[in-house]
Amino acid sequence: MGVIANEGYRYYLESLPAYTQQNGEMIPTAEVDDIQELPPVIKVEQSKRFQSIHATFGTLSGLAALFRILFARYSDQEIMSKSLFSFNHPKGACEVCRGIGKAEYIDINKLVGDTNKTLREGAITTTLPNGYIVYSQVTVEELNKVCKAHGFHVDMPWKTLSAQQKEVVLNGSDRLKVFYGKHGLESRLRWQGIKAKPREEGYYKGMLPIMQDILRRDRNPNILKFASSKVCPSCKGGRIKAEHLNYEWKGSNFQAWTARPLCDLYDALNQLDLNAGEKLLVNKMRIPLLDFIRLGMGHYQLSTPSMAISSGDGQRIKLINQVTSNLQGILYVFDEPSIGLSSNYQRHLLHILDRVIKRGNTVIVVEHDLEFIQAADWIVELGPEAGIHGGEVVFNGAIQDFLKAKDFKSPTLSALKTVKGQKISKPQIQTQSGLASHFQLQANQLVVMSRKTPQFLARMRRYCEMKHLNLITVTDQPIGKTPRSNPATYTGLADKIRDVLAKTPKRKS
Ligand SMILES: [Zn+2]
């Protein structure tokens with residue numbers, strides 16, 4: 001399937017005028033003699049690549065764009081530009097948070113470590129062994145002069161300092177001039193005595209102004225270690241300029257519309273009195289909205305950040321976009337589109353794929369789900385075993401013939417024969433809020449939730465707080481990208497192996 005998808009995509013790219021030989025190297029040519037009658041291919045795979053700080057459910061699904069047009073044309077005041085409602089456009093983005101909706105700030109709790117320690121002992125975690133305090137531009141000795149001018153000193157535990165005294169350390173003082181200087185990390189580490197440094201004289205600026213300035217200019221990983229985020233005080237999380245949030249359409253502003261869960265949004269849109277132009281735009285939203293809800297995405301909001309969307313749902317958003325695009329003659333390749341879906345939602349997924357096919361397209365899916373496999377017209381079974389013992393085409397034909405086949409070994413086929421005749425009961429569909437209120441965690445039990453919604457998460461957090469339990473989250477995010485890491489280093493096994501090796505008699509040879 002990878003061959004079909006990549007070849008189709010490569011043929012398509014090569015047909016574009018801007019396509020050059022250079023780009024061609026990005027998609028390797030398949031190691032096959034010949035591929036015939038390959039239509040243009042659109043590949044929708046599982047990946048987290050759709051996740052970015054600039055993407056939300058609304059931007060990924062294209063629904064936010066329709067809302068922007070609605071607001072630009074039909075809000076209570078006439079507005080010329082729909083970009084006023086785009087957080088990715090300079091005209092629209094809130095200037096305080098630059099369209100992120102959250103404001104980052106230097107978190108004092110991350111900067112101050114052990115509050116029992118004194119400043120000299122390193123209460124501020126950026127204090128180096130030589131006494132220089134990174135981000136303060138001064139040494140502990142220079143800082144002590146400032147502290148003394150305010151009636152305290154660097155040998156008092158941080159927790160005993162008054163609010164005003166902490167304020168001096170964090171935000172600076174203009175009582176007396178001290179020696180300060182910015183130094184590269186390397187020189188700071190080599191720095192032994194005062195004489196070695198070229199230094200300037202001036203007022204102590206304080207750590208927070210210096211750190212906030214760096215955070216604003218350059219969000220580097222070193223400074224981000226000390227940053228936390230809160231809802232942007234200007235746009236209140238709306239991501240667009242506060243003054244643009246004054247415009248209303250049908251009694252609500254842009255943020256309020258995009259904050260509704262899709263279920264509510266769909267209902268609200270259906271109850272509105274609309275003029276012809278509004279109707280046209282709203283109708284464009286209705287069908288995809290209903291598809292999203294029927295695929296179990298009714299709890300998302302248009303404002304849901306892409307980071308909070310699962311890779312399965314991300315793939316299905318792309319699928320709905322394709323369904324709405326009305327293209328014909330395309331070969332769509334999907335990688336396990338049913339992943340994470342319960343069977344009632346799966347039926348709707350099959351219905352959607354059917355719509356794509358009826359319009360004159362072909363759909364290939366890689367699937368393990370038996371119900372899904374049974375719904376296919378054509379089966380390509382690879383085997384005979386998994387992994388390196390497989391890879392051969394053991395069956396290629398219509399599903400009816402596959403189900404009747406007897407002359408080969410196929411775990412898929414035997415599984416299909418086992419479930420045949422067993423009626424799968426249709427699960428009850430309840431509203432998300434209804435489910436969340438019935439949901440009760442039990443101690444010492446395995447509880448499985450098929451959907452991660454904010455309501456469930458809130459309930460789980462409350463339960464853990466109440467019972468004083470540690471909540472440990474394990475996600476499918478990659479654990480790291482550094483080439484030095486491997487499963488042995490992540491599990492701590494590498495350390496144990498090193499210990500054992502260090503104890504063996506041969507280690508000195
Ligand atoms: Zn903002």
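1. Helices α14 and α15. Helix α14 spans residues 311-325 and helix α15 spans residues 343-358. In this predicted model, the two pack at an angle of about 35°. Their axes lie 10 Å apart. The crossing of α14 and α15 is left-handed. From α14, the contact uses Leu319, Gln322 and Val323. From α15, Ile352, Arg355 and Val356 take part. By class, the residues of this contact divide into four nonpolar, one polar and one charged.

2. Helices α12 and α13. Here helix α12 covers residues 262-270, and helix α13 covers residues 276-297. The axes come within 9 Å and cross at roughly 145°. This crossing, too, is assigned as left-handed. Helix α12 contributes Leu262, Cys263, Leu265, Tyr266 and Leu269. Helix α13 contributes Val282, Met285, Arg286, Leu289, Leu290, Phe292, Ile293 and Met297. The contact of α12 with α13 has twelve nonpolar residues, no polar residue and one charged residue.

3. Glycine 296. This residue sits in helix α13. Is glycine 296 buried or exposed? Glycine 296 counts as buried because 23 other C-beta atoms lie within 10 Å, and the cut-off for burial is 20 or more. A further point concerns serine 342. Glycine 296 and serine 342 are 46 residues apart in sequence. In space, their C-alpha atoms are 8.7 Å apart.

4. The parallel sheet. Three strands make an open sheet, ordered β1-β10-β11, with parallel pairing. Strands β1 (41-44) and β11 (362-366) are the edges, each pairing on one side only. From one strand to the next, the twist averages 15°. Strand β10 covers residues 331-335 and pairs with β11 over five bridges, in the parallel sense. One residue pair can be named: leucine 331 has threonine 362 in β11 as its bridge partner.

5. Strands β5 and β6. In a regular strand, side chains alternate between the two faces of the sheet. Strand β5 (residues 177-180) shows this alternation. Which side chains of β5 point to one face and are buried? They are Val178 and Tyr180. Lys177 and Phe179 point to the other face and are not buried. Strand β5 is joined to strand β6 (residues 200-203) by four bridges, and the two run antiparallel. Within β6, glycine 202 is the bridge partner of valine 178. Valine 178 thus appears twice here: in the buried set of β5 and in a bridge to β6.

6. The chain overall. The protein chain has 22 helices and 13 strands. Of its 509 residues, 21% count as buried. Consider the contacts between residues at least 6 apart in sequence: 65% of them join residues at least 24 apart.

7. Confidence. The mean pLDDT of the protein chain is 84. A value of 70 or more is reached by 86% of the residues. Where does pLDDT stay under 50? It does so over residues 424-433. For that stretch, the model has twelve contacts beyond four places in sequence.

Definitions and conventions. Residues are numbered from 1 along each chain as its sequence is written. This is a predicted model: local features need pLDDT of at least 70, side-chain atom pairs count only at pLDDT 80 or more; totals for chains, interfaces and linings use all residues. A residue is buried if 20 or more other C-beta atoms lie within 10 Å of its own, exposed if 12 or fewer, and partly exposed in between; C-beta atoms are placed from the backbone. Two residues are in contact if their C-beta atoms, placed from the backbone, lie within 7 Å. Two strands pair if DSSP finds at least two bridges between them. Axes are lines fitted to C-alpha atoms, for helices over the stretch in contact, and angles run from 0 to 180 degrees between N-to-C directions. pLDDT is the predictor's confidence in each residue, from 0 to 100. A crossing is left-handed if the near helix is turned anticlockwise from the far one by less than a right angle, and right-handed if clockwise. Ala, Val, Leu, Ile, Met, Phe, Trp, Tyr, Cys and Pro count as nonpolar, Asp, Glu, Lys and Arg as charged, and the others, Gly among them, as polar.
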